[in-house]
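This report covers the strand pairing, the aromatic residues and a few surface and loop positions of one protein chain. The sequence and structure come first.

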Amino acid sequence: MFLKEKDSGHLVEILSLTELFDLYQQEVVGRYHYGEEVQDPEKFSKQNLIFQSGETLPRCWTDPHYRAAELKR
């Protein structure tokens with residue numbers, strides 16, 4: 001899956017979708033997708049990644065307490 005880095009606008013290929021979907025993981029392993037050579041993998045903060053359309057990642061991928069308000073009812 002390809003996401004975009006907020007700061008630079010570069011495409012990032014996510015190497016582990018399991019890490020991306022795990023709401024307790026704050027970082028994912030990916031690599032920049034530019035140039036002719038494959039870039040080395042590195043860690044990216046989920047907070048700095050967005051979809052290519054500009055939408056933010058779903059809270060259920062990033063926030064372990066995204067349903068906490070429902071428990072208080």
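## Pairing in the middle of the sheet

Strands β2 and β3 run antiparallel and are joined by 3 bridges. The model is a predicted one, and what follows is computed from it. Within this pairing, Ile14 has Gly30 of β3 as its bridge partner, and Glu13 stands opposite Arg31 of β3.

Strand β3 also pairs with β4, again in the antiparallel sense, over 4 bridges. Here Gly30 stands opposite Glu42 in β4. Gly30 therefore has Ile14 as a bridge partner and faces Glu42 in β4, as expected where strands of a sheet pair through backbone hydrogen bonds.

## The faces of β3

In a regular strand the side chains alternate between the two faces of the sheet. Strand β3, residues 27–32, has a covered face made of Val28, Gly30 and Tyr32. Its uncovered face holds Glu27, Val29 and Arg31. Tyr32, on the covered face, has a relative accessibility of 17%; the limit for buried is under 20%, so Tyr32 counts as buried.

## The other side of β2, and the whole sheet

Strand β1 (residues 2–5) and strand β2 (residues 11–14) pair in the antiparallel sense over 3 bridges. Phe2 has Glu13 in β2 as its bridge partner. Glu13 also stands opposite Arg31 in β3. The hairpin of β1 and β2 has 5 residues between the strands, and in it Gly9 takes a positive phi near 80°.

Strand β1 is joined in turn to strand β5 (residues 49–50) by 2 bridges, and these two strands run antiparallel. Lys4 has Ile50 in β5 as its bridge partner. Taken together, the 5 strands form an open sheet in the order β4-β3-β2-β1-β5, with antiparallel pairing. The edge strands are β4 and β5, each of which pairs on one side only.

## The loop before β5

Asn48 is found in the loop between β4 (42–45) and β5. Is Asn48 buried or exposed? Its relative accessibility is 18%, so Asn48 counts as buried.

The side chain of Asn48 makes a polar contact of 3.5 Å with the side chain of Glu5. A polar contact of 3.3 Å joins the side chains of Asn48 and Asp7.

## Aromatic pairs

The structure holds 4 aromatic pairs. In one of them, the ring centres of Phe21 and Trp61 are 4.8 Å apart and the planes are at 55°, so the pair is tilted. This pair links distant parts of the chain: Phe21 is in helix α1 (residues 17–21) and Trp61 in helix α2 (residues 59–62), 40 residues apart. Phe21 counts as partly exposed because its relative accessibility is 39%, whereas Trp61, at 15%, counts as buried.

Tyr32 and Tyr34 form another aromatic pair, which is tilted, with 5.6 Å from centre to centre and 50° between the planes. Tyr32 is buried at 17% relative accessibility, and Tyr34 is partly exposed at 41%. A pair of aromatic rings is described by the distance of the centres and the angle of the planes. In addition, Phe21, Phe51 and Trp61 form one aromatic cluster.

## Around Phe21

Which residues form a nonpolar patch on the surface with Phe21? They are Met1 and Leu17, and the three have about 260 Å² of accessible area together. Leu17 lies in helix α1, as does Phe21. With a relative accessible area of 37%, Leu17 is partly exposed. Phe21 thus belongs both to this patch and to the aromatic cluster with Phe51 and Trp61.

Pro58 lies in the loop between β5 and α2. Its relative accessible area is 28%, so Pro58 is partly exposed. The C-alpha atoms of Pro58 and Phe21 are separated by 9.4 Å, while the two residues are 37 residues apart along the chain.

How values were computed: Residues numbered from 1 in each chain as written. Predicted model: local features only at pLDDT ≥ 70, side-chain atom pairs only at ≥ 80, totals over all residues. Heavy atoms only, no water. Phe/Tyr/Trp six-rings, centres within 6.5 Å; stacked < 30°, edge-to-face > 60°. Buried < 20%, exposed > 50% of the residue type's maximum accessible area, 1.4 Å probe, protein only. Pairing = 2+ DSSP bridges. Patch = residues over 30% accessible without salt bridge, like charges linked within 9 Å, V, L, I, M, F, W, Y side chains within 5 Å. Areas by Shrake-Rupley, 256 points an atom, 1.4 Å probe, with all protein chains shown as cover. Salt bridge = Lys/Arg side-chain N within 4 Å of Asp/Glu carboxyl O. Polar contact = N/O pair within 3.5 Å; in protein donor to acceptor, adjacent residues only side chain to side chain.
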